[in-house]
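Thanks for coming. I will go through one model today, starting with a few salt bridges and then moving on to the sheet and the empty spaces.

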Amino acid sequence: MAPTSMRAWQYHDTARGLENCMKLNTVPLPQPKPHEHLVQVLYAALNPVDYKPAEVGFVSRFMIPKPATPGIDFAGRMVRPAAGSSLKPGQLVFGSASTSPFAAGALREYATTETAGVVAAPEGVDPKHLATIAVGAETAYQSIVPYVKAGDSIFINGGSGGVGVFSIQIAKAVGCRVTTTCSTPNVELCKSLGADSVIDYRKQDVLETLRKGGQQYTHVVDNVGADWNLFWKAHEYSKPGAAYIYIGATPTLSYAWNQVKAKVWPAFLGGSKRKFLTFFAQPKNDELAKFGAWMKDGTVKPVVDSLWTMEKVPDAFRKLKTGRARGKIVVQVAADLKSMG
């Protein structure tokens, strides 16, 4: 039987940075609507989308109801399934705490979730590994698979972060040749995940290295979003018709201006010669189930940078904000896992 109260990380503003404004409060359990699940959260994993929109003033003020609890990725145990669901009380599940990217609510001991984005856990896979899947794997899959076929060459900017580690593995799973970027300490990690070629951005000029290879890439995914030159010069290293998918976005005025230029400025006036696409993954239960099966059979390997206790969530966000995490940052949300069987 579920308790009547729980611990939850909450914030009312982000003026000093999300990690400095959060408080660990004791609050009543959420009450699910008939179409919602109630789950006990065992583990949650952090993503940049958990803090980037929240730290943009107009987004935080007008689009995120307060008090807000961040966190999308989770693995947990079903307490009360939604009406008509095939999931059972006590069953291990994983996925997205909400289909909304804003304050989805995984960083609390119990959460209400939608039926879209929550699936049964495969037997034998560690829940902390399943907690890494939702945003990273869905983003990687949906930004790559619809645009490529076996034998294509793909460039992935940022191969060692929470999305990148899935991007490499999923691109290889569907038969692509992969070139990616990372810093010196992560070169061997990216190779171990299947990357055919790795550009060490600390030792090599990324754009110049790509140019030397000519127009070889049929698809480009930018998980970093720090260097717009990679987009404006994409025609120098990608094939005609290639799409450039920009994932590492922070909703700022500078980003908005570059996005407008990328989409509407004519190529003959110096605008883009490649298609520019922005992206946010949508949770799909069939894809989540596929990722769980891939993790079970070893097609996709989890990459966990670090594991944090619930009390240390602000420090976990500080680590995420360094941009130096290898794979996913995971939080143990449940206080006592041993008593849960």
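One definition before the details: a residue counts as buried under 20% relative accessible area, as exposed over 50%, and as partly exposed in between. Please also keep in mind that this is a predicted model.

With that cut-off, take Arg211. Its relative accessible area is 29%, so Arg211 is partly exposed. Arg211 forms a salt bridge with Glu236, and the closest N and O atoms are 2.4 Å apart. This pair links distant parts of the chain: Arg211 sits in helix 7, residues 206-212, while Glu236 is in the loop between helix 8 (229-232) and strand 12 (238-246), and the two are 25 residues apart. Glu236 has a relative accessible area of 27%, so it too falls in the partly exposed class.

Next, a pair within one helix. The side chains of Asp315 and Arg318 meet in a salt bridge at 2.7 Å, N to O. Both residues belong to helix 11, residues 313-321, where they are three residues apart, about one turn of the helix. Asp315 has a relative accessible area of 30% and is partly exposed. Arg318, at 35%, is partly exposed as well.

There is another pair of this kind in helix 6. Glu188 and Lys191 form a salt bridge, with 4.0 Å between the closest N and O atoms. Why are they about one helical turn from each other? Because they are three residues apart in helix 6, which covers residues 187-192. On accessibility, the two partners fall in separate classes: Glu188 is exposed at 56%, and Lys191 is partly exposed at 45%.

How many salt bridges does the count come to? The count is 14. Not every one is an isolated pair: Arg7, Glu109 and Glu311 are linked in a network of salt bridges. As general background, side chains of opposite charge can pair when their charged atoms come close.

Now the sheet. Six strands form an open sheet, in the order 10-9-8-11-12-13, and the pairing is parallel. Which strands stand at the edges? They are strand 10 (197-200) and strand 13 (275-278); each has a single partner strand, so one side of each is left without a neighbour in the sheet. Neighbouring strands of this sheet are turned by 15° against each other on average, with direction ignored.

At the strand 13 edge, the partner is strand 12. These two run parallel and are joined by four bridges. Ile245 stands opposite Leu277 of strand 13. Strand 12 also brings us back to the first salt bridge, as Glu236 lies in the loop between helix 8 and that strand.

On to the empty spaces. Rolling a probe the size of a water molecule over the atoms shows where empty space is left. Here the count comes to two cavities of 30 Å³ or more.

The largest cavity holds about 90 Å³ of space. Its lining includes Ile72, Ser96, Ser98, Thr99, Phe280, Ala281, Gln282 and Pro283. Which helix gives the largest share of that lining? Helix 4, residues 134-144, with four residues. Among the lining residues in that range are Ala134, Val135, Glu138 and Thr139. By class, the lining of the largest cavity divides into six nonpolar, five polar and one charged.

Is helix 4 mostly covered or mostly open? Mostly covered: 11 of its 11 residues are buried. Among those buried residues are Gly136, Ala137, Tyr141 and Ile144, and Glu138, which also lines the largest cavity, is on the buried list too.

The second largest cavity has a volume of about 40 Å³. Residues lining this second cavity include Tyr11, Val49, Asp50, Pro53, Ile64, Phe102 and Ala103. Its lining has nine nonpolar residues, no polar ones and one charged.

Last, a pocket. The second largest pocket has a volume of about 380 Å³. It is lined by 21 residues, and those nearest its centre are Ala103, Ala104, Gly105, Arg108 and Thr112. Ala103 is therefore a name to note, as it also appears in the lining of the second largest cavity. Strand 1 (5-10) and strand 6 (110-114) each supply at least two residues of the pocket lining. By class, that lining divides into 11 nonpolar, seven polar and three charged residues.

How values were computed:
Residues are numbered from 1 along each chain as its sequence is written. This is a predicted model: local features need pLDDT of at least 70, side-chain atom pairs count only at pLDDT 80 or more; totals for chains, interfaces and linings use all residues. Side-chain values use heavy atoms; hydrogens and water are left out. On a 1 Å grid over the protein atoms alone, a cavity is a set of points where a 1.4 Å probe fits but cannot get out, and a pocket is an open set with protein on both sides within 12 Å along at least five of seven lines; lining residues have an atom within 4 Å of a point. Grid points are joined across faces, edges and corners, and a volume is the space filled by probe spheres set on the points. Ala, Val, Leu, Ile, Met, Phe, Trp, Tyr, Cys and Pro count as nonpolar, Asp, Glu, Lys and Arg as charged, and the others, Gly among them, as polar. Buried means under 20% relative accessible area, exposed over 50%, partly exposed in between (1.4 Å probe, protein chains only). Two strands pair if DSSP finds at least two bridges between them. Axes are lines fitted to C-alpha atoms, for helices over the stretch in contact, and angles run from 0 to 180 degrees between N-to-C directions.
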